[in-house]
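Please open the model in your viewer and keep the selection panel at hand. The stops below are arranged so that each selection leads on to another.

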Amino acid sequence: MVQEQGARGLQLLAPHEALGFPASQLFINCVYFPEEFSIVTTLKISRVTPKRNEYIFSMVEEDSSRLLLGLRYSQDKLHFLFSILGKRERISFRSMRLADNQWHTLVLAVSGHYASLTVDCGMPVDLALGKPFPASLSTKGARFYIGSRRRWKGLFSGLLRQLVLLPGSDATSRICPSSIPQLSILSVPPALLDLPIKPSGNEVLKYPYEAELRVTLGSRPPCTKTETGQLWFDTLKRGLYLCDSRDWIAMLQAKERLDYVEDYQDLYTNSETLDIEVFEIPSVGLFAATANRKSNPGSAIYKWTHGKFEPYQNITTYEALAWKYFTVDDKIFLVVANFEKNERNQEHSVIYKWSHRKLKFVLYQTLETHSARDWEAFHIAGETFLVVANHRQENNHNILSVVYKWNPDTRFFEANQSIPTSGAYDWEFFTVGPYSFLVVANTFNGVSTRIDSSIYIWFDGKFQPFQSITTYGATDWEVFHIGDRVFLAVANSQKYDETGSSSYAINSTIYELNVTAQMFFKFQDIMTYSAVDWEFFTLGEDKFLIVANSFNGKSFSVDSVIYRWQGYEGFVPVHRLPTFGCADWEHFSSTEGSYLIYSSAKEPRSKVLKMKTY
């Protein structure tokens, strides 16, 4: 018995007879295997050598060792095998990537001509069987083996936490949604479910497991495999957290509630600010990059020093509209979206790399863009990508935006895919289970702002259309999760058509993913005033959305609004914050507390607000 990443599993050292039992112990009243069934298993696999197959379980004829039924995996596939009329059938789920040293819960549902696989409560993968699962697969004289096929070859080398055979239809709804989908529980043996108790006196441990316990105090420390199982006490939030090798999981935490918001700092900028990117460089500090309108002196980077943002570095930009912070392995980058041409009449956006020697960002790579409005950075299967929102080329808004991919050999980004967009304003990347998505905010097609913004899904090495949603001058998408629910909020800025009429007081909309239908459906409309940004954040156990209202048709002095999640009621307004030409909101935390910062597109002053809690 082994405990890793906060969960216990069984590790097999040999194909032991104790892990085999007659099928008659399961099938007491009927000798036939069910025609419809689900197999639920939770496992952790560190690695599998190429061309090696390992069995999760098997059912074999006791006399001949002929395989009647089995579930096995290879390096990147999961195979379900069964016997029909003496011949073996196999169905393979490809690109599973289970051997990543992480816990995963799988639900394999078989019914007639179809098999469905759900991994970590994500979207199911459905495959058609070449031949339907037999209605009369006899288990008479058969024997089940856990983690093997009764022999050394194919012995399961990972950790096994649960393995359940459930007759009937798809069992996914029995365990999903789940707050920890990788460790969803249907039936876990008590010995694997309970934490070990260290006895008093000279007694031995009930289970063979001990851990060295350390508690770290202060600001958020790193959580990697080295710190797995260690505790961190956050003195600011009065919370105790456990490291699971990737994230700090709350164990005990004081319930912090938002009381009110107070003015904290006036941040005077080089010129009007269209976007703010807040980021932290490990062992260096907290920073904010402002995207400023004027090229001289350009845009600025500020460092959080003694509880305030102080000027740190200026970078020449050309009507910068957005910054994006990202990393590639141990390298740190900032990329800027330049909307206008430089002195050489070139439309270039620029990637800057953090120099650990100079302790500042230095020019790294230039990329040709067209009135760039936004950058998004993301990782898929260990590879790094950038996508630019090209807004227009001369007067043509219907142009291509480009996805770039990091080439580890040249150490530069290279064009990977072009996607048609219409006045693209924003890109947002998100994942749902094993699936990766990109959504674009299309603003204007040259005639009207009433156009489709599109969601794309990563499939077969590129992004392909998934769903289109009608928007009105869309300027921003914000994805967020509440429990196991997935939401997308769009900021609609303006209704404008060929008649020349404009409306700025319009609904922005929150959509929710329906996993069964595999589509986003409208969840809630919220009246906004030329909205240009949504920001989702949490404070204690409460969830919030804040909208950047920029113009009401007459004035740029418009209240931006904080909405709190109220469950069945959706988001309800709780605070109205006076803003002037608001262009962006960002939430951040430091050792001193939690803050909001907004940028103004109409004056060279941004504001930092402190959230007071009780």
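Begin with empty space inside the protein: a search of the whole structure, which is a predicted model, finds 1 cavity of 30 Å³ or more. The space in this largest cavity comes to about 30 Å³. To see its walls, select Arg257, Leu258, Asp542, Phe544, Arg564 and Tyr614, which line the largest cavity. Which kinds of residue make up the lining of the largest cavity, nonpolar, polar or charged? Colouring by residue type shows 3 nonpolar residues and 3 charged ones in that lining, with no polar residues.

Now turn to the charged pairs, of which the whole structure holds 18 that count as salt bridges. For a linked group, select Asp263, Asp266, Glu603, Arg605 and Lys607, which are joined in a network of salt bridges.

The tour moves next to a sheet. Select strands E27, E28, E29 and E30, which lie in that order in an open sheet of 4 strands with antiparallel pairing. At the edges you will find strand E27, residues 372-380, and strand E30, residues 412-422, each of which pairs on one side only. Looking across the sheet, the twist from one strand to the next averages 20°. In general, the strands of a sheet pair through backbone hydrogen bonds, and they do so in either a parallel or an antiparallel manner.

Restrict the view to strand E27 and strand E28, the latter covering residues 383-390, and you have an antiparallel pair joined by 8 bridges. Within this pairing, select isoleucine 380, whose bridge partner in E28 is glutamate 383.

Stay with glutamate 383 and show side chains, for glutamate 383 also forms a salt bridge with lysine 405, in which the closest N and O atoms are 3.1 Å apart. Because glutamate 383 belongs to strand E28 and lysine 405 to strand E29, this pair ties together parts that are 22 residues apart in sequence. Both ends of the contact can be followed on a surface display: glutamate 383 is partly exposed at 33% relative accessibility, and lysine 405 is partly exposed with a relative accessible area of 26%.

Return to strand E27 and select glutamate 376 together with lysine 324, which form a salt bridge with their closest N and O atoms 3.3 Å apart. This pair links distant parts of the chain, since lysine 324 sits in strand E23 (residues 320-328) and glutamate 376 in strand E27, 52 residues apart. Is glutamate 376 buried or exposed? Glutamate 376 has a relative accessible area of 7%, and it therefore counts as buried, the cut-off being under 20%.

For a contact between loops, select glutamate 394 and lysine 341, whose side chains meet in a salt bridge at 3.9 Å, N to O. Glutamate 394 lies in the loop between E28 and strand E29 (398-407), while lysine 341 lies in the loop between strand E24 (331-338) and strand E25 (348-355), so that the pair links distant parts of the chain, 53 residues apart. Here glutamate 394 counts as exposed at 57% relative accessibility, whereas lysine 341, at 32%, counts as partly exposed.

The last stop is isoleucine 451, which you will find in strand E33, residues 450-459. With a relative accessibility of 9%, isoleucine 451 counts as buried. Add phenylalanine 536 to the selection and draw a distance between the two C-alpha atoms: they are separated by 25 Å, and the two residues are 85 residues apart along the chain.

Terms used
Residues numbered from 1 in each chain as written. Predicted model: local features only at pLDDT ≥ 70, side-chain atom pairs only at ≥ 80, totals over all residues. Heavy atoms only, no water. Pairing = 2+ DSSP bridges. Helix = DSSP H or I, 4+ residues; strand = E, 2+ residues; numbered from the N terminus. Axes fitted to C-alpha atoms, helices over the stretch in contact; angles between N-to-C directions. Salt bridge = Lys/Arg side-chain N within 4 Å of Asp/Glu carboxyl O. Buried < 20%, exposed > 50% of the residue type's maximum accessible area, 1.4 Å probe, protein only. 1 Å grid on protein atoms, 1.4 Å probe; cavity = no way out; pocket = protein on both sides within 12 Å on 5 of 7 lines; lining within 4 Å. Points joined across faces, edges and corners; volume = space filled by probe spheres on them. Nonpolar A, V, L, I, M, F, W, Y, C, P; charged D, E, K, R; others polar.
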